[in-house]
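Biologist: Please take a close look at one part of this model, the nonpolar patch on the surface, and place it within the chain.

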Amino acid sequence: MTEDERTERERIAELRTPGRKWVFGQLQGWNCASCAARLYADRPICTVEVDYGTVTETYQLYVCAPSCEAARAAQRPAQPDGDRSVIRAPRQRTGA
């Protein structure tokens, strides 16, 4: 078993933990089941059953593609080469 397969199995086991709390967007496929980030590129990972008392619903869960870490890094704006960001202090009012 490769490292990727092992981490994938661990992720699925974590998602199927009994009593886990879900955000509505995660169950609807709008947000990543692992990191809860908005999904722009996704892949199915597993299904879970959520018990609502007398009713049990089955949901297909989706995660970031290729991975949560790569998806978050891609969403960060890149700094132009050689251009340093300048943080300016707010102007102070003088006089009355």
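Modeller: One member of the patch, Val 23, sits in the loop between helix 1 (3–15) and helix 2 (24–28); helices are DSSP runs of H or I with at least four residues, strands are runs of E with at least two, and both are numbered from the N terminus. This is a predicted model, in which local features need pLDDT of at least 70, side-chain atom pairs count only at pLDDT 80 or more, and totals for chains, interfaces and linings use all residues. Residues are numbered from 1 along each chain as its sequence is written, and side-chain values use heavy atoms, without hydrogens and water.

Val 23 counts as partly exposed because its relative accessibility is 47%, the class between buried (under 20% relative accessible area) and exposed (over 50%), with a 1.4 Å probe and protein chains only. Together with Phe 24 and Trp 30, Val 23 forms a nonpolar surface patch of about 340 Å² accessible area. Patch residues have over 30% relative accessible area and no salt bridge (a side-chain nitrogen of Lys or Arg within 4 Å of a carboxyl oxygen of Asp or Glu); like charges are joined within 9 Å, and nonpolar side chains (Val, Leu, Ile, Met, Phe, Trp, Tyr) within 5 Å. Areas come from the Shrake-Rupley method with a 1.4 Å probe, and for residues only the protein chains shown count as cover.

As for the surroundings, the chain exposes about 7,900 Å², with 49% supplied by carbon and sulfur atoms. Of its 96 residues, 24% count as buried. The chain has 3 helices and 2 strands, in the order α-α-β-β-α along the sequence.
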